[in-house]
Structures are given as structure tokens and as C-alpha cells.
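Q: Could you walk me through this structure and tell me how each label is earned? I'm new to it, so keep things plain.

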Amino acid sequence: MSSFPDMGSIARKVEIADRLTPEDALALLSSTDLLAIGRIADESARRRTGGRAYFVRNRHINPTNICVHRCTFCSYRRGLFDDDGYALSLDQVEDKARDAGPDVLEFHVVGGLHPNLPFDYYLDVLRRIKRARPGVHLKAFTAVEVDFFAKIARLPLDEVLRRLKEAGLDSMPGGGAEIFAPAIREKICGEKIGGDRWIEVIETAHRLGIRTNATMLYGHIESNADRVGHLLKLRDLQERTGGLLAFIPLAYHPENNRLGLARHTSGLDDLRLLAVSRLFLDNVPHIKAYWVMLGEKMAQVALRFGADDIDGTVVEEKIYHAAGARSAQEIPIGRLIHLIRSAGKIPVERDTFYNEIRVWN
Ligand code: V47
Ligand code: SF4
């Protein structure tokens, strides 16, 4: 296998919708011809979305930062007895939902695996948010949290998901996937469910009609082969269910955690991986350049490298800011629109399922 991809043949494959092989993806990830990769990915995104780039008016709510796991890359988690550990009361959750502006369409709800809170607490979190804001979409709980609920409630996975749905869950975010390669996963988050279980939870959710996102944590100790292996598992999953809405590559942020890597990813690596994700995950509708993680300017550039979504207004982001992100906590709608428009794309306000709310021509 060559590490110098024949860009012409890869461009032709993409043009005729011929699926890229893992070897193609690996060769692209080893290439320094970023502009060529970006052009092919931009063209592929343009064909799918007609030059649109999406954002959503959303808000994050993190019910607790107390977690029984100690993933080495995680700067957010606290132990039960740490001074700055917290668990929101249900009233506090409801107040946060009520405080969100009337335009907010989506709440993104994730948190730690608390040792003492019962499954009912998480169901009530959903019910309280829905009570405060009946029309809002609840994108809540990663596959890791859902697996944890099944353990603490001693219920089968599909029953847990059914109860979450009844309580108001509309979709699930893509977190907790990290990297599937077992040896690397063991080193960075050995206590967490394995990659196969993550896929099982997501696949079960899809079969119950709950759509989800998917992520990959990169820029730590994984290899390019590990990245491609991860993408391949997601592509195969999507072939089986079609339930993934978006893929979000998440760059490792090095501050305040135990992994002990001081290195940030390079801009080149971020853009190349976004572009390769667009090209390789040909069955996943959207690729998200999460501005909180990339910073506003890199997220904007990413819109010309295959990404077609920039996430949303967010408000009160905790996970990346605990790990040293310098981006703002919140971004005004006008700024999102400006970032998208000046990248040469059409800003489209969306709901969680990518239905168009408004085209900002
Ligand atoms: O699973 C934790 C990551 C994820 C660090 O679905 C870190 O729309 C980098 O999944 N450096 C949670 N990454 C966030 C997440 C997400 C974000 C935005 C949108 C969506 C979506 C999902 O954050 C975790 C983990 O992979 N993470 N710590 C860190 N130090
Ligand atoms: Fe806990 Fe999630 Fe942090 Fe791991 S990444 S320690 S599961 S909060």
C-alpha cells in the first residue's frame, strides 16, 4: 500500500460515489497535500448540501461532573468528595431550562456517572426540562451513560432506552466513542465500556427509532490505522441502521488531566481528519466542525474542508473549557452566520434532525 495517494484516482472515486477503502483513507491521512484533500472533501460536501452549512440554537446542561470513572484524558470529572464536584438538583435543572431563551431548540444533556444518583434522577432530568420547555428537543446521554443506567437500574438496555424515550429523550449525542482500538482504549479510558458495547448501545437506540451522533477522540496516542479502524466501524454501523446524523471528530485537549500529553493537535491534522471523515463516511449525512473544540476560526476554515455543520450557540460549555479550550462559552447567532457566510457557504439554521428552520441568505 502506498502512503502517497493518487489524488486523481481518489477524486474520481468520490465523483462516481465509489466507496473509499481503508487503504485509501490511510493514504490520505498520511498525505501532506492538504489542499488537494480539502478540495475533494469540499466538493463532496457541496454535492450533498448545495453549499449549505448548518447551525442550531442549542444549550448544554451537564447535570453532574461527579463520575465513577477516571478516563485519563478527562479534565471535567470530579470525585464524590472533591470540593468542586456538583450534582444539580432537579429544580436547578428546570431553572436552567427555563432560563434558556425562547429561541433555543435543543438541549444537549450529558454528565458524569454519579455513584449515588438513581436512574429515576436522569428520567426526572428529562421530564423537568420537557416540563419547562415542552417543545424543545432533548439530545441527551451518551452510550456510556445509557449503559451505566442499565447497570444501576438492573434493566435490559432496550428497556432503559424505552423509559428514557418515554421521559422525553428525542436523540442521543455521539460522545463516549473515544477510540475503539482496544489497546489504546484500555490505556486512555480502561474503565469505560469497550468499543463493541458502545456500538451495541447505539445500534439498539437506532433500532428503537432514536437517532444519534458519533464521535472519535483523536490526537492522543492513537495511530492513523486506529483512526481508520474507528471510522470503518462507524461506517459499517451506519450501513446496518442508517441512524447516525452526524460525525464529530474531537481533538484531544491536554490541560488539567492525567494523560500527561502536553501536545495539541496541529491545524493540519484537524483539517485533514475532517476532510477524510467526509470522504470515508460516505453514508453519514453530516460532518460537524465543533467550534468550541476547534476555535471559531478553525471551525470556519473546516467548512471548506468537508464539514457542513458548526454545532450551535452552546452556552456554558464545561468539558472543553476544563481541558484548556480558549474558545468562548457562547457564540451569538450573528457571529455564527458571519463565520459561515464568509466561508462562502449558505448559513442554515436547523433543528436536531437537520430540518431547515431558516435560510439566512
Ligand atoms: O466523549 C473529554 C471528549 C466527549 C476531552 O453529539 C475530550 O453533537 C478532548 O461527545 N480533550 C464529549 N476531548 C463531547 C461530545 C460532543 C461534543 C459536541 C457535540 C456532540 C454531539 C458531542 O468529549 C467525550 C470525549 O470524547 N473529551 N475530555 C479532552 N480533554
Ligand atoms: Fe467520566 Fe465521561 Fe470523564 Fe470518563 S470522560 S471520566 S466517563 S465524565
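A: Let's start with a word we'll need: contact means heavy atoms within 4.5 Å. By that rule, and not counting residues up to four places away in sequence, V160 touches F119, V146, F149, A150 and L155. Keep in mind that this is a predicted model.

Q: Where is V160, and why is V160 called buried?

A: V160 belongs to helix α7. Buried means under 20% relative accessible area, and V160 has 0%, so V160 counts as buried. As for a distance, V160 and R47 are 39 Å apart in space, C-alpha to C-alpha, with their places 113 residues apart in sequence.

Q: Why is R131 called exposed?

A: Exposed takes over 50% relative accessible area. R131 has 56%, so the label exposed fits. R131 lies in helix α5, which runs over residues 119–132. From R131 to L303 it is 36 Å in space, C-alpha to C-alpha, and 172 residues in sequence.

Q: What makes R211 partly exposed?

A: Partly exposed sits in between the cut-offs of 20% and 50%. R211 comes out at 30% relative accessibility, so R211 counts as partly exposed. You'll find R211 in strand β6, residues 211–218.

Q: Which residues is R211 in contact with, leaving aside its neighbours within four places in sequence?

A: Those are S171, M172, H206, G242, G243, L244, L245 and F353. For a longer look across the model, the C-alpha atoms of R211 and V68 are separated by 27 Å, and the two are 143 residues apart along the chain.

Q: Why does A17 count as exposed?

A: The cut-off is over 50%, and A17 has 66% relative accessibility, so A17 counts as exposed. A17 is in the loop between α1 (7–15) and α2 (22–30). The C-alpha atoms of A17 and L279 are separated by 9.7 Å, though 262 residues apart along the chain.

Q: What is the phi of R154, and what is the phi of E178?

A: R154 has a positive phi of about 50 degrees and is not a glycine. E178 also has a positive phi of about 50 degrees without being a glycine. What makes that worth pointing out is that most residues other than glycine have a negative phi.

Q: Where are R154 and E178 found, and is each buried or exposed?

A: R154 is in the loop between α6 (143–153) and α7 (157–167). At 76% relative accessibility, over the 50% cut-off, R154 counts as exposed. E178 lies in the loop between β5 (171–172) and α8 (182–189). Its relative accessible area is 8%, under the 20% cut-off, so E178 is buried.

Q: How do you know that the radius of gyration agrees with a compact globule?

A: With 361 residues, a compact globule would have a radius of gyration near 21 Å; the protein has 19 Å, so the two agree. Along its principal axes, the C-alpha trace spans about 55 × 45 × 40 Å. Buried residues make up 62% of the 361 residues.

Q: How many helices and strands are there, and what share of contacts join residues at least 24 apart?

A: The protein has 15 helices and 11 strands. Among contacts between residues at least 6 apart in sequence, 76% join residues at least 24 apart.

Q: Where does ligand 2 sit, and which residues are around ligand 2?

A: Ligand 2 sits in the largest cavity. To count as being around ligand 2, a residue needs a heavy atom within 4 Å. The residues around ligand 2 are C67, H69, C71, F73, C74, R77 and K192.

Q: What makes up the shell around ligand 2 by class?

A: The shell has 4 nonpolar, 1 polar and 2 charged residues. Cys and Phe count as nonpolar, and Lys and Arg as charged.

Note on methods. Residues numbered from 1 in each chain as written. Chains lettered and ligands numbered in written order. Predicted model: local features only at pLDDT ≥ 70, side-chain atom pairs only at ≥ 80, totals over all residues. Heavy atoms only, no water. 1 Å grid on protein atoms, 1.4 Å probe; cavity = no way out; pocket = protein on both sides within 12 Å on 5 of 7 lines; lining within 4 Å. Sits in = over half its atoms within 2 Å of the grid points. Helix = DSSP H or I, 4+ residues; strand = E, 2+ residues; numbered from the N terminus. Buried < 20%, exposed > 50% of the residue type's maximum accessible area, 1.4 Å probe, protein only. Rg over C-alpha atoms; globule rule 2.2 N^0.38 Å.
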